[in-house]
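Hi,

Here is the structure I said I would pass on to you. Have a look at it first, and then read my notes underneath.

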Amino acid sequence: MNGGPSGFHNAPVTRICVIASAIFSVFLGIKGGSNKLGLSYQDIFRNPRLWKLVLSVFAFSSTPEMMFGLYLLYYFRVFERQIGSNKYSVFILFSVIVSLLFEVFAVTLLQDPLANLLTSGPYGLIFASFVPFYFDIPVSTRFRVVGVHLSDKSFIYLAGVQLLLSSWKRSILPGICGILAGSLYRLNLFGIRKAKFPEFIASFFSRLSWPSTGSPRGATSRNVTGSAPSYAGRHVQASFLIAPIPAAFSLITITFFRTYPAPMAPSTEPSEDAIATLASMGFDRNSARQALVQARNDVNTATNILLEAQSH
């Protein structure tokens, strides 16, 4: 089970999180500072250090934790594709802040000034993502291994359990705090699920990310119809690659709407890549095919159709 098309197609925020976490983890591992990460009662109340708090949110303290953690972050890009980068950014901020508050509360209750109670890494975000993963991603395949019933979601749960137990008590507590944060988001605390960042902030972060490579052509998020003048009321996209400074590129996509006075085109058969994209998110292939026909092979629109169908 994967998170859709390979790479970070339609997931620029996830790409930034994965790259930032990998860079901080590797850099601190080389410098030998990873063993100094993690939060304790002393770090929070007696000798607070902002840099340690920030790094503890991003950097993993060991290589096994980094491998499983980055894999889960990469997989959960499926949620960014479902709800959009803007709302997913709100989900990240909410999960990190709320889980951190729970961690501070837990450390306050334990009050052990000598122990490094909490391991470092984006545990809050990762385990908060397991809440929508459990409720919103349906099982698409079931099988048995040595008499044990498993599904395509089982491997993600196993990776989560491995990460949760990687540092035993030091990693279990941040994982539980992340699950609590994800549950509060699921309950729509203060209407958080409808919150969005201003457009200029979302545009800024989108410019920080470079064009994705390695994603299937059939899994695009918009219809490109420059070669189909017989279609009525379609969107036409043109993309230009510019280099404002050396070695820095950005992709600017200009979309305009044009109405053709031709009759409606007959429904076309959805591409296998688009069906596979929706199937990888956990939707039934037949339902995905019907949704794509209704959405004119637009993956994002088809995803919304399938999610709305599940909610009824």
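**What I found**

Before anything else, keep in mind that this is a predicted model. The average pLDDT is 76, and 71% of the residues score at least 70. The part to be careful with is residues 212–266, where the pLDDT is below 50. That stretch still has 90 contacts in the model beyond near neighbours in sequence. Where pLDDT is low, the predicted coordinates should not be read in detail.

**The overall picture**

The protein has 312 residues, and 41% of them are buried. You will find 13 helices and 4 strands in it. If you take the contacts with a separation of 6 or more, 72% of them join residues 24 or more positions apart. The exposed surface comes to about 17100 Å², with carbon and sulfur atoms supplying 64% of that area.

**The annotated spans**

UniProt, in an unreviewed entry, lists "transmembrane region" for residues 12–30, 50–76, 88–110 and 117–135. I looked at two of these in the model. Residues 12–30 are 100% helix and 0% strand, and the C-alpha atoms at the two ends lie 27 Å apart. Residues 88–110 are also 100% helix and 0% strand, with 33 Å between the end C-alpha atoms.

**The core**

Which residues touch the most other members of the largest nonpolar core? They are Leu72, Phe76, Tyr88, Ile126, Phe130, Phe133 and Leu278, out of 45 residues in that core. Helix H7 (residues 123–136) gives the largest share, 7 residues.

Phe130 is a good place to start zooming in. Leaving aside neighbours within four places in sequence, Phe130 is in contact with Leu72, Phe76, Ile156, Tyr157 and Gly160. Two of the core residues named above, Leu72 and Phe76, are among those partners.

Next, try Phe79, which sits in helix H5 (residues 77–83). Is Phe79 buried or exposed? Its relative accessible area is 5%, so Phe79 counts as buried. Beyond its neighbours within four places in sequence, Phe79 is in contact with Gly84, Tyr88, Ser129, Pro132, Phe133 and Ile137. Tyr88 and Phe133 also appear in the list of core residues that touch the most other members. Phe79 and Pro132 are 53 residues apart in sequence, yet their C-alpha atoms are 8.2 Å apart in space.

**Cysteines**

How many disulfides does the structure hold? The count is 0. As for individual cysteines, Cys17 has 16% relative accessibility, which is under the 20% cut-off, so Cys17 counts as buried. Cys177 is buried too, with a relative accessible area of 3%.

**Two backbone oddities**

Asn188 is not a glycine, but has a positive phi of about 60°. You can find Asn188 in the loop between helix H9 (169–186) and helix H10 (199–208). With 29% relative accessibility, Asn188 is partly exposed.

Arg296 is the other one to look at: its phi is positive as well, about 55°, and Arg296 is not a glycine either. Arg296 lies in the loop between helix H12 (285–294) and helix H13 (299–311). The relative accessible area of Arg296 is 32%, so this residue is partly exposed.

That's everything from me for now. Happy browsing!

Definitions and conventions: Residues are numbered from 1 along each chain as its sequence is written. This is a predicted model: local features need pLDDT of at least 70, side-chain atom pairs count only at pLDDT 80 or more; totals for chains, interfaces and linings use all residues. Side-chain values use heavy atoms; hydrogens and water are left out. A disulfide is a pair of cysteine sulfur atoms within 2.5 Å. Buried means under 20% relative accessible area, exposed over 50%, partly exposed in between (1.4 Å probe, protein chains only). UniProt positions are given in the numbering used here, feature names are shortened, and annotations may be inferred rather than shown by experiment. Contact means heavy atoms within 4.5 Å. Accessible areas come from the Shrake-Rupley method with a 1.4 Å probe; for residues, only the protein chains shown count as cover. pLDDT is the predictor's confidence in each residue, from 0 to 100. A nonpolar core is a set of buried Ala, Val, Leu, Ile, Met, Phe, Trp, Tyr and Cys residues joined through side-chain atoms within 4.5 Å.
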